[in-house]
Amino acid sequence: MDYATFFKIFITLHAVGGFISLISGTISVIARKGNVWHKKSGMIFYYGMLTAGISGIVASLLPDHNNPFLFVVGLFSVYLVLSGYRALRFKSVRKMADLRWDKVISWSMAIIGLGMVGYGLYLVFKSFTMGWVLVVFGTIGLLNAINDLRAMRDLKLLRKKYLRLHIAKISGAYIAAFTAFFVTNSVLPSLLSWLLPSVFGIIFISYWMRKTRLGKKITAETV
């Protein structure tokens, strides 16, 4: 098969995974946190986003089909959904060795985030407005990775913060799915399609961060 055929296969997987994620993610958001509907739809969302993210990354790197913005969405989808899912394990973590893969994920995002910011600023310098997309998402990724690494320095605090980390990351992945939908279907002018879902997403995540702030006795079953 030639690269065009490979691209069609992976971009189709990306679209199907994204569609499944939007539907299952919406059900998970609406459902009471911790119940069967939330858990089942959440797992479908997890695998849908991994499929969409990984296939998007592969498609964006194929010769003659390079797309740095598809790469960004794919990368963010994988990082957010993977770290968000793994955050549920933090409630029972007992030793630093249990966090080795989580640290690899966070350090990888930190390094890639720096690269995205740098390349984005280069594009802005070259008068390419969409470079701001890379700057914004690179900064978000970098800050998330730094927050992860800081949290993993204190196991006792990490066990308390597991639910907040899970909600923030999975919500971010849901926003990434909506961003991809907006961009692909040109719902709004280009830059707005990339950035507006993140604005509403920040408001949504902030609400849940207040609702689950430390000091409250809240678990995944009672949110």
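**Entry 1: Ser198**

I start with a cut-off: buried means under 20% relative accessible area. I am working on a predicted model today, and my opening residue is Ser198. Its relative accessible area is 13%, so I log Ser198 as buried. I find Ser198 in helix H7, which covers residues 190-211. What does Ser198 touch, leaving out residues up to four places away in sequence? I get Phe137 and Ile175. I also checked Leu114: Ser198 and Leu114 are 84 residues apart in sequence, and their C-alpha atoms are 19 Å apart in space.

**Entry 2: Ser21**

Next I went to another serine, Ser21, which has its place in helix H1. Is Ser21 buried or exposed? With a relative accessible area of 0%, Ser21 is buried. I then listed what Ser21 touches, again not counting residues up to four places away in sequence: Thr26, Phe45, Gly48 and Met49. I picked Phe45 from that list to follow up, and Phe45 turns out to be buried too, at 3% relative accessibility.

**Entry 3: aromatic pairs**

Phe45 led me to the rings. How many aromatic pairs are there? The count comes to five. One of them joins Phe45 and Tyr174, with 6.3 Å centre to centre and 65 degrees between the planes. Planes over 60 degrees apart count as edge-to-face, and I note the Phe45 and Tyr174 pair as edge-to-face. Which parts does this pair tie together? Phe45 lies in helix H2 (residues 36-61) and Tyr174 in helix H6 (residues 155-184), so the pair links parts that are 129 residues apart in sequence. Tyr174 is buried as well, with a relative accessible area of 15%.

I then turned to Tyr46 and Tyr47, which also form an edge-to-face pair. I have their ring centres at 5.0 Å and their planes at 70 degrees. Tyr46 is buried at a relative accessible area of 10%, whereas Tyr47 counts as partly exposed at 49% relative accessibility. Ring pairs also bring in Tyr85, and I mark Tyr46, Tyr47 and Tyr85 as a cluster.

**Entry 4: a nonpolar patch on the surface**

From the rings I moved to the surface and found a nonpolar patch of about 700 Å². Which residues make the patch? My list reads Val16, Phe19, Ile20, Ile23, Ile27, Trp37 and Ile44. Helix H1 (3-30) and H2 each supply at least two residues of the patch, and the largest share, five residues, comes from H1. I looked up one member on its own: Phe19, which lies in helix H1. Phe19 is exposed, with a relative accessible area of 55%. I set this beside Ser21, which lies in helix H1 too but is buried at 0%.

**Entry 5: Ser127**

My last stop was a backbone angle. Most residues other than glycine have a negative phi. Ser127 caught my eye with a phi near 70 degrees, a positive value in a residue other than glycine. Where is Ser127 found? I place Ser127 in the loop between helix H4 (100-125) and helix H5 (131-151). Its relative accessible area is 65%, so Ser127 is exposed. That makes a friendly contrast to close on, with Ser198 buried at 13% and Ser127 exposed at 65%.

Methods:
Residues numbered from 1 in each chain as written. Predicted model: local features only at pLDDT ≥ 70, side-chain atom pairs only at ≥ 80, totals over all residues. Heavy atoms only, no water. Phe/Tyr/Trp six-rings, centres within 6.5 Å; stacked < 30°, edge-to-face > 60°. Helix = DSSP H or I, 4+ residues; strand = E, 2+ residues; numbered from the N terminus. Buried < 20%, exposed > 50% of the residue type's maximum accessible area, 1.4 Å probe, protein only. Patch = residues over 30% accessible without salt bridge, like charges linked within 9 Å, V, L, I, M, F, W, Y side chains within 5 Å. Areas by Shrake-Rupley, 256 points an atom, 1.4 Å probe, with all protein chains shown as cover. Salt bridge = Lys/Arg side-chain N within 4 Å of Asp/Glu carboxyl O. Contact = heavy atoms within 4.5 Å.
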